[in-house]
Amino acid sequence: MVDLVPKLNLKNICVLDPDGKETLSKKSAQEYQYFLFGGILGNDPPQKRTGPELTSRLNINPKDVYNIGPKQMSTDTAVLVVKEINDGKEFHKLQFKDGICIEINDSEAVDLPYRYRMVEGKPWLSPELVQFLKKRKSF
């Protein structure tokens, strides 16, 4: 996948990396046409691969690398957070929950160790993901 990104020849791209020096703000988000999400879902604990495996291979200027916090987020959460920031919300005012547990049945549950955006007092995640996990035969 990393090899595909340079072939797209995207201009005006922001790389999102948990190790980015600056946190994305509305002002900085609106400078970009594209966002490349790195550091999202991987090993737990994170292996910090975005810099060496993505940013450095794309020859991205360090000023075009931002974070949306230091913790791994589910991809849908990261996209939601970037949209909210781009729409004017301040990152430090957003609420999150680190790690959630989804009960599969009376005797099984799946722990998802990632950061989720809290919306109306609940972690925001796709209902389809919950259905998928509940239907899955084994883990």
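Buried means under 20% relative accessible area, exposed means over 50%, and partly exposed covers the values in between (1.4 Å probe, protein chains only). By that scale Pro46, at 43% relative accessibility, counts as partly exposed.

This is a predicted model, in which local features need pLDDT of at least 70, side-chain atom pairs count only at pLDDT 80 or more, and totals for chains, interfaces and linings use all residues. Residues are numbered from 1 along each chain as its sequence is written, and side-chain values use heavy atoms, with hydrogens and water left out.

Helices (H or I, at least four residues) and strands (E, at least two) are DSSP runs, numbered from the N terminus. Pro46 is in the loop between strand 3 and helix 3. The C-alpha atoms of Pro46 and Gln95 are 21 Å apart, for a separation of 49 residues along the chain.

**Helix 3**

Helix 3 spans residues 50-58, and its buried residues are Thr50, Leu54, Thr55 and Leu58. Viewed down the axis of helix 3, these buried residues fall within an arc of 80°, so they line one face of the helix; the arc is that of the directions from the helix axis to the C-beta atoms. An α-helix has 3.6 residues a turn, so residues three or four places apart point the same way. The cover over the buried residues of helix 3 includes helix 1, strand 1, strand 3 and strand 4, where contact means heavy atoms within 4.5 Å.

**Asp17**

Asp17 sits in the loop between strand 1 (13-16) and strand 2 (22-23). Apart from neighbours within four places in sequence, Asp17 is in contact with Gly38, Thr50, Gly51, Thr55, Val65, Tyr66 and Asn67. Asp17 is buried yet has no salt bridge, and Lys48, the nearest side chain of opposite charge, is 7.5 Å away. A salt bridge here is a side-chain nitrogen of Lys or Arg within 4 Å of a carboxyl oxygen of Asp or Glu; Lys and Arg count as positive and Asp and Glu as negative, while His and the chain ends are not counted. A polar atom of the Asp17 side chain lies 2.9 Å from the backbone nitrogen of Asp19.

**Aromatic pairs**

Rings of Phe, Tyr and Trp (its six-membered ring) pair if their centres lie within 6.5 Å; planes under 30 degrees apart count as stacked, over 60 as edge-to-face and the rest as tilted. The count by this rule is three aromatic pairs. Tyr32 and Tyr66 have ring centres 6.1 Å apart and planes at 70°, so the pair is edge-to-face. Tyr32 lies in the loop between helix 2 (26-29) and strand 3 (34-37) and Tyr66 in strand 4 (residues 65-67), so the pair ties together parts 34 residues apart in sequence. Tyr32 is buried at 11% relative accessibility, and Tyr66 is buried at 7%. For Phe91 and Phe96 the ring centres are 5.6 Å apart and the planes at 40°, so the pair is tilted. Phe91 is buried at 17%, whereas Phe96 is partly exposed at 21%. Ring pairs also link Tyr32, Phe35 and Tyr66 into a cluster.

**Positive phi**

Most residues other than glycine have a negative phi. The table lists residues with a positive value.

| Residue | Phi | Place |
|---|---|---|
| Asn12 | near 60° | loop between helix 1 (4-8) and strand 1 |
| Asn59 | about 55° | just after helix 3 |
| Glu120 | about 55° | loop between strand 6 (109-119) and strand 7 (122-123) |

Asn12 is partly exposed at 41% relative accessibility, and Glu120 is exposed at 78%.

Definitions and conventions:
Polar contact = N/O pair within 3.5 Å; in protein donor to acceptor, adjacent residues only side chain to side chain.
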